[in-house]
Amino acid sequence: MKKTIRTKSGSPLPLGATITHQGVNFALFSRHASAVTLVIAPEASRQQGWIEIPLNPQANKTGDIWHILLSDIPLPLLYGYRIDGPDDRQESGHRYDARRILLDPYAKEIHSPDWGRTRTCLGSEPCCLLARQVYDWEGDRPLNIPLRDSIIYELHVRGFTRHPSSGVDCPGTFKGIVEKIPYLTKLGITAVELMPVTEFDENEPIFTNPQTGERLKNFWGYSPLSFFAPKCSYSSDLLAPLTEFRDMVKALHRAGIEVILDIVYNHTAEGGADGPTTSFRGIDNTIYYLLDPWTRAYLNFSGCGNTCNCNHPIVRSLIMDALRWWVIDMHVDGFRFDLASILGRDSSGQVLSNPPVVERIAEDPVLADTKIIAEAWDAAGLYQVGQFSRHRRWAEWNGRFRDDVRAFMAGQAGAVPALATRIAGSSDLYQHSNRRPCNSINFVTSHDGFTLADLVSYNEKHNLMNGEDNRDGDNNNLSWNSGAEGPSSDTAILNLRSRRIRTMATILLLSQGVPMLVAGDEFGRSQQGNNNAWCQDNAVSWVDWTLVQTNKPLLRFFRKLIRLRKSHPVFRREDFFLYDGQGQKLEGQPLEILWQSLRPGEQDWSRECRTLAFHLIGADLQPADADFFVMLNGSSADAARFTVPAASRGKSWVTLIDTGRRSPQDFVDPGHGDTVECGQTLLVANMGCMVLQSR
């Protein structure tokens with residue numbers, strides 16, 4: 001390539017690198033830089049090294065935006081920036097270093113060191129890639145599945161198909177997910193929630209496996225180098241991550257499955273003061289991050305060394321531009337915001353009453369049909385479940401649901417009242433702000449913590465393989481090992497574990513709100529007691545697909561449970577039940593739900609009680625639905641005998657689910673269930689449940 005390049009002043013907007021009919025326009029915000037140099041390397045001649053193009057502040061700067069237009073530049077093109085300015089980190093907080101080549105925050109493709117595969121970047125540092133992108137969506141449009149009808153399935157792109165047993169041609173990739181679509185459709189979920197897919201450096205951890213000495217990886221990816229660029233090593237073709245991601249979205253949409261992204265705007269991969277400088281820190285450190293006003297040290301509400309200054313207008317605009325791009329250009333259906341409470345902090349870290357970025361996300365017209373879900377807490381102890389935002393659009397990961405279900409299913413005292421509130425949609429959290437049951441994303445497990453199989457198999461975390469002497473991970477698991485720690489050959493223990501898993505699944509899928517399950521829980525995936533497997537790029541984290549056959553009865557149970565929920569609107573109410581604080585029907589309102597302990601009309605909210613039953617009445621729904629009677633026994637040792645109430649409108653009952661039975665009798669079709677009469681008593685096994693349906 002010729003060293004002389006034709007340049008023009010260029011335009012300050014849009015930010016990033018934009019292909020126009022005149023050439024390529026580059027625009028970068030940096031308020032405090034004294035000099036900016038664009039560095040480029042046409043991909044075809046990248047071995048020749050970088051070409052540096054200094055930007056003239058008089059000709060190539062408008063306000064705080066540096067810009068230039070290059071004509072006749074061959075594509076694809078590698079690029080980055082050198083930025084000079086003050087480095088007085090303990091005074092002003094600036095950290096400029098012109099020796100470093102920095103990433104463009106608006107880059108749509110970044111090539112970086114990955115899982116040992118060939119890179120296109122120069123040297124060992126990540127670099128931006130610009131290429132012409134023409135994609136045929138073939139008429140693909142958002143599915144707009146109502147949130148109340150959603151069943152969310154959280155998965156890790158690499159971990160979902162990386163195990164040798166996955167049977168896909170392209171393991172660990174977006175294409176691998178496409179190959180598993182037949183499985184997903186048969187399972188019945190309506191949305192996949194993908195753990196972070198934007199570019200990150202999996203080689204950043206300094207920890208090693210104490211048993212093998214092997215250096216560990218950042219497997220989860222909660223450490224973004226970019227808010228835009230899909231991770232190129234999640235693509236089977238390293239040169240086409242955008243295309244392969246879009247292919248995946250289009251294929252999932254055709255199968256009736258939405259795509260929700262787990263996104264990280266609370267911190268970046270640059271970490272604390274001793275972290276790498278890859279982008280934001282070297283562009284404008286005092287703008288992008290929260291700094292202590294006196295020491296200029298990084299404020300750390302994320303637990304990762306730094307915290308993004310999300311409510312600064314510049315950072316706010318970056319976040320909004322990224323969200324819109326994922327929706328408009330990549331056809332994503334929704335977002336789960338990691339440690340979303342950080343979005344509510346001001347420049348000094350104080351909690352705002354009405355955070356601008358939170359409101360802007362909810363009110364943005366482009367995102368009007370997009371699902372927005374908050375992880376309503378942060379690593380500094382701020383816990384906002386039920387209080388993250390009063391806006392009806394914001395749903396939340398309901399950590400209270402997780403904890404209350406776990407407590408009941410571990411036999412803890414005083415768990416019954418809270419469990420009833422969670423089953424009914426958590427009105428205590430969402431009704432006061434005129435929100436609905438679907439604002440509650442219900443879950444018992446997530447990527448963070450025990451799997452469902454481990455929840456019933458371990459009392460304590462077993463994280464030694466993470467290289468931190470078992471100090472990492474939460475100590476409060478609300479778990480119970482069912483009588484033995486870890487793997488067991490005792491039949492009684494195995495039966496109890498199986499029963500508890502199926503009972504928790506029943507509670508999850510038959511509660512009001514939106515259920516979320518974790519990939520592999522439906523067939524008993526274990527992480528060997530590791531409750532913080534963020535660094536385990538191996539069989540600990542990979543989904544073992546041999547379990548599909550090994551635990552086929554459990555998978556069958558989940559499939560039928562999901563089908564039951566989807567078939568009956570009584571489990572997917574738009575509004576909260578109409579009853580008073582004592583669970584009694586309000587005068588003049590239709591009867592919707594009745595609570596009891598062992599006998600109809602007799603509730604027991606005492607600390608000693610371990611039993612709960614509820615009668616869902618579907619007769620007055622439009623259209624009318626069946627009645628369901630659900631009996632739950634949270635005793636760790638004793639069976640409980642429930643008396644069956646009368647079904648509405650003179651109907652009779654049939655047994656649908658009994659987790660005390662073995663498959664296939666644990667879940668039968670209504671036409672094959674045992675008939676049960678009003679007043680009959682039924683024995684529910686310890687840690688078990690039974691479900692009756694009217695007919």
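Visitor: What makes up the barrel that runs from β11 to β18?

Guide: In this predicted model, eight strands form a closed barrel in the order β11-β12-β13-β14-β15-β16-β17-β18, with parallel pairing. On average, neighbouring strands of this sheet are turned by 30 degrees against each other, direction ignored.

Visitor: How do you know that strand β17 and strand β18 pair?

Guide: Two strands pair if there are at least two bridges between them. Strand β17 (residues 440-442) and strand β18 (residues 514-518) have two bridges, in the parallel sense, so they count as a pair. You can find Asn-442 standing opposite Pro-515 in β18.

Visitor: Which strands does helix α7 lie across?

Guide: Helix α7 (residues 356-363) lies across β14 (334-337), β15 (371-374) and β16 (394-397), and runs at about 115 degrees to β16. Helix α4 (residues 241-254) lies across β12 (191-194) and β13 (258-263), at about 135 degrees to β13.

Visitor: What makes a group of residues a nonpolar core?

Guide: Its members are buried residues of kinds such as Leu, Phe and Tyr, joined through side-chain atoms within 4.5 Å. The largest such core here has 179 residues, and those with the most contacts inside it are Tyr-153, Leu-194, Phe-245 and Phe-337. Helix α6 (residues 313-328) gives the most to this core, with nine residues. A second, separate core of 13 residues includes Phe-629, Phe-642, Val-676 and Val-684. This fits a wider tendency: in soluble globular proteins, nonpolar side chains tend to be buried together.

Visitor: Which residues does Phe-337 touch?

Guide: Leaving out residues up to four places away in sequence, Phe-337 touches ten that you can look for, including Ile-263, Leu-323, Ile-361 and Trp-394.

Visitor: Why is Val-168 called buried?

Guide: Buried means under 20% relative accessible area. Val-168 has 13%, so it falls under that cut-off and earns the word. Val-168 is found in the loop between α1 and α2 (174-179). Not counting residues up to four places away in sequence, Val-168 touches Thr-161, Gly-176, Glu-179 and Lys-180.

Visitor: What makes helix α5 largely enclosed?

Guide: Nine of the nine residues of helix α5 (residues 280-288) are buried, so the rest of the structure largely encloses this helix. Among them are Phe-280, Arg-281 and Tyr-288. The cover over the buried residues of α5 includes β3 (23-29), β8 (77-84) and α6.

Visitor: Why are β19 and β24 said to stand at the edges?

Guide: Six strands form an open sheet in the order β19-β20-β21-β26-β23-β24, with antiparallel pairing. β19 (593-596) and β24 (675-676) each have a single partner strand, so one side of each is left without a neighbour in the sheet. Inside the order, β21 (residues 628-633) and β26 (residues 689-694) pair over five bridges in the antiparallel sense, and Met-631 stands opposite Met-690 in β26.

Visitor: Why is an empty space called a cavity?

Guide: A cavity is a place where a 1.4 Å probe fits but cannot get out. The structure holds six cavities of 30 Å³ or more, and the largest has a volume of about 160 Å³. The largest cavity is lined by 18 residues, of which His-156, Met-195, Val-518, Arg-525 and Ser-541 lie nearest its centre. The elements giving two or more residues to that lining are β11 (152-155) and α1 (157-161).

Methods. Residues are numbered from 1 along each chain as its sequence is written. This is a predicted model: local features need pLDDT of at least 70, side-chain atom pairs count only at pLDDT 80 or more; totals for chains, interfaces and linings use all residues. Side-chain values use heavy atoms; hydrogens and water are left out. Helices (H or I, at least four residues) and strands (E, at least two) are DSSP runs, numbered from the N terminus. Axes are lines fitted to C-alpha atoms, for helices over the stretch in contact, and angles run from 0 to 180 degrees between N-to-C directions. Contact means heavy atoms within 4.5 Å. Buried means under 20% relative accessible area, exposed over 50%, partly exposed in between (1.4 Å probe, protein chains only). On a 1 Å grid over the protein atoms alone, a cavity is a set of points where a 1.4 Å probe fits but cannot get out, and a pocket is an open set with protein on both sides within 12 Å along at least five of seven lines; lining residues have an atom within 4 Å of a point. Grid points are joined across faces, edges and corners, and a volume is the space filled by probe spheres set on the points.
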